Protein chains: 2
Amino acid sequence: MIPVANSRSDSPMPSLPQPRRIPRQSRSRALVEAILEATARVLTERGYAGTNTNLVAERAGVSVGSVYQYFPNKDALLTALHERHAAEMHAAMERALGSPSAAGADTRDLRSKLASLVQAWLAAHRVAPELHRVLEKEFPFFDAPADQSPTDQGIRQRIRALLDEHRSEVVPQDPELATWVMVQTMESLIHAAVIPPGAPCSAEAAGQAIVDLLAGYLCGQARRALP
Amino acid sequence: MIPVANSRSDSPMPSLPQPRRIPRQSRSRALVEAILEATARVLTERGYAGTNTNLVAERAGVSVGSVYQYFPNKDALLTALHERHAAEMHAAMERALGSPSAAGADTRDLRSKLASLVQAWLAAHRVAPELHRVLEKEFPFFDAPADQSPTDQGIRQRIRALLDEHRSEVVPQDPELATWVMVQTMESLIHAAVIPPGAPCSAEAAGQAIVDLLAGYLCGQARRALP
DNA sequence: CCAGATATCGAGCAAATACTCATGTTTGGA
DNA sequence: TCCAAACATGAGTATTTGCTCGATATCTGG
């Protein structure tokens with residue numbers, strides 16, 4: 001093993017995990033796709049420590065060399081997968097909330113919007129809980145601390161904007177802090193609800209509880225009265 | 001490397017990480033202590049992947065062989081450290097809340113008790129944030145899923161008892177679910193507040209916010225009015 | 001249809017590292 | 001004082017694995 005990748009204790013200024021080569025032809029784009037898919041499969045089956053590049057290549061029906069044409073090292077595979085996941089969450093959020101202050105403003109109250117968002121994210125996570133477990137709980141993220149990618153920042157900003165739209169209903173004073181609490185809470189609890197052993201109830205009930213938690217903090221109101 | 005330790009894909013029934021030999025003389029107890037201390041230091045400096053048993057032994061001023069006298073494999077070191085941390089949290093909790101239904105019952109309201117607990121845990125975590133980061137976010141926990149040790153269960157039970165004591169003030173119906181929400185939220189947000197980049201505010205403010213979040217969920221009341 | 005660009009291949013190297021075991025040292029009770 | 005059990009040692013081994021590189025194949029613009 002060549003220590004270049006283990007930058008934690010070596011390089012003070014870690015290089016960004018950029019693809020070594022950009023796939024131009026459709027052939028190579030399919031190859032990259034196959035590699036990522038295989039990575040997800042192997043990761044799901046064997047966890048982070050059980051995953052190695054040779055195996056990923058084999059499962060993708062590709063040679064190791066090809067993997068290293070497009071990914072500078074093993075962790076870049078995971079980073080790419082994580083980024084893809086973040087993008088999916090971002091997309092799900094936009095679908096649930098709409099873009100901020102777009103035409104035809106969303107007139108629902110804050111609680112309803114939160115419920116949509118939590119529902120959407122829960123659903124997205126239930127697709128591959130074990131993969132998310134590995135990505136969130138096993139991946140070291142040496143060089144690229146999670147929650148710092150542009151996509152993650154986009155998510156934070158959208159939440160911030162949501163609180164801003166509803167600032168009249170929102171009790172906490174510091175919007176920075178309120179955003180932080182929101183994002184951390186949603187991510188943690190959604191992951192905890194979905195990955196084994198999971199919440200001690202149905203996914204719907206867990207979603208309800210998360211919404212109650214968030215709405216209670218933001219609006220200082222008891223959970224919604226039953227109809 | 002011998003595959004015995006990597007049980008994820010191999011052994012269906014992983015053996016418990018019991019010490020290979022129990023230290024009887026004070027000499028060996030000191031040795032075990034030195035090993036754990038060194039593990040914590042190395043883990044803090046170099047992260048999970050950068051930590052190896054040879055280095056730990058060297059840093060502890062001990063030979064590798066001695067490490068393997070008392071710990072069956074590398075992960076057992078981490079597990080021991082994690083268990084020790086859980087025990088500290090348990091102790092801090094007992095100090096903050098007292099044992100349930102003990103003589104001289106604690107007459108404070110739920111919110112005050114929550115505030116004590118959050119304060120105590122925050123303080124305990126601020127001692128070695130980087131170590132906690134590694135323990136919580138890098139350690140794979142192959143065989144012993146976190147939050148399943150007897151100590152962790154003890155923590156859950158105590159929280160459950162707390163909610164029970166105050167069941168008249170508590171709004172959520174399902175106590176199982178409420179306990180789960182509490183524990184998950186506290187652990188996640190306290191970790192997030194302490195480990196870099198941390199909360200966008202002082203530790204005190206973060207603590208306040210966490211208490212607001214929990215109290216809002218449990219009691220359905222707005223944050224405490226300023227005096 | 002060819003020349004350069006792009007893509008793929010995979011045997012094998014170099015390094016890392018978890019763990020063993022044969023041997024030596026210390027301890028504490030009888 | 002003596003001895004058996006407990007303790008400590010650390011060079012060495014067996015294995016894993018991230019990654020390279022020179023050879024080969026395929027594509028595409030002119």
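**Protein surfaces around two DNA strands, and the helices of chains A and B**

In this predicted model, DNA strand D is surrounded by 29 residues, of which the closest are Asn52(A), Thr53(A), Asn54(A), Tyr68(A) and Arg24(B). Sugar or phosphate accounts for 72% of the atoms of DNA strand D that lie within 4 Å of the protein, and the remainder belong to bases. Several polar contacts with the phosphates of this strand can be described individually. An N or O atom in the side chain of Tyr68(A) is placed 2.9 Å from a phosphate oxygen of DNA strand D, while a polar backbone atom of Gln25(B) is found 3.0 Å from a phosphate oxygen of the strand. From chain B, Tyr70(B) also takes part, with a polar side-chain atom 3.0 Å from a phosphate oxygen of DNA strand D.

Both chains contribute helices to this surface, since at least two residues are supplied by each of helix 2 (53-60) and helix 3 of chain A and helix 1 (26-46) and helix 3 of chain B. Helix 3 of chain B provides the largest share of the surface near DNA strand D, namely five residues. Sorted by class, the residues of the surface near DNA strand D are eleven nonpolar, twelve polar and six charged.

Around DNA strand C there are 28 residues, among which Arg24(A), Gln25(A), Gly65(A), Asn52(B) and Thr53(B) come nearest. Of the atoms of DNA strand C that come within 4 Å of the protein, 70% are those of sugar and phosphate. Polar contacts to the phosphates of DNA strand C are made by residues of chain B, including Thr53(B), which has a backbone N or O atom 2.8 Å from a phosphate oxygen. In the case of Tyr68(B), an N or O atom of the side chain is 3.1 Å from a phosphate oxygen of DNA strand C, whereas for Lys74(B) a polar backbone atom is 3.1 Å from a phosphate oxygen of this strand. Two or more residues of the surface near DNA strand C come from each of helix 1 (26-46) and helix 3 (64-70) of chain A and helix 2 (53-60) and helix 3 (64-70) of chain B. Helix 3 of chain A gives the most to this surface, with five residues, and the classes represented near DNA strand C are eleven nonpolar, eleven polar and six charged residues.

Within chain A, helix 1 packs against helix 4 (residues 74-97) at an angle of about 95 degrees, with the two axes 10 Å apart; helix 1 and helix 4 of chain A are therefore roughly perpendicular to each other. In this contact, Glu33(A), Ile35(A), Leu36(A), Thr39(A), Ala40(A) and Leu43(A) of helix 1 meet Leu77(A), Leu78(A), Ala80(A), Leu81(A) and Arg84(A) of helix 4. By class, the contact comprises eight nonpolar, one polar and two charged residues.

Helix 4 of chain A, with 24 residues, reaches 35 Å from its first C-alpha to its last, close to the 34 Å expected at 1.5 Å a residue. At its start, a side-chain oxygen of Asn73(A) comes to within 3.2 Å of the backbone nitrogen of Asp75(A), and just after the helix Gly98(A) adopts a positive phi of about 75 degrees. In chain B, the 24 residues of helix 4 (residues 74-97) should span 34 Å at 1.5 Å a residue, which agrees with the 35 Å between the end C-alpha atoms. A side-chain oxygen of Asn73(B) lies within 3.2 Å of the backbone nitrogen of Asp75(B) at the start of helix 4 of chain B, and this helix is followed by Gly98(B), with a positive phi near 75 degrees.

How values were computed: Residues numbered from 1 in each chain as written. Chains lettered and ligands numbered in written order. Predicted model: local features only at pLDDT ≥ 70, side-chain atom pairs only at ≥ 80, totals over all residues. Heavy atoms only, no water. Near = heavy atom within 4 Å. Polar contact = N/O pair within 3.5 Å; in protein donor to acceptor, adjacent residues only side chain to side chain. Helix = DSSP H or I, 4+ residues; strand = E, 2+ residues; numbered from the N terminus. Nonpolar A, V, L, I, M, F, W, Y, C, P; charged D, E, K, R; others polar. Axes fitted to C-alpha atoms, helices over the stretch in contact; angles between N-to-C directions. Parallel < 35°, antiparallel > 145°, perpendicular 65-115°, else oblique. Contact = heavy atoms within 4.5 Å. Expected span 1.5 Å × (residues − 1).
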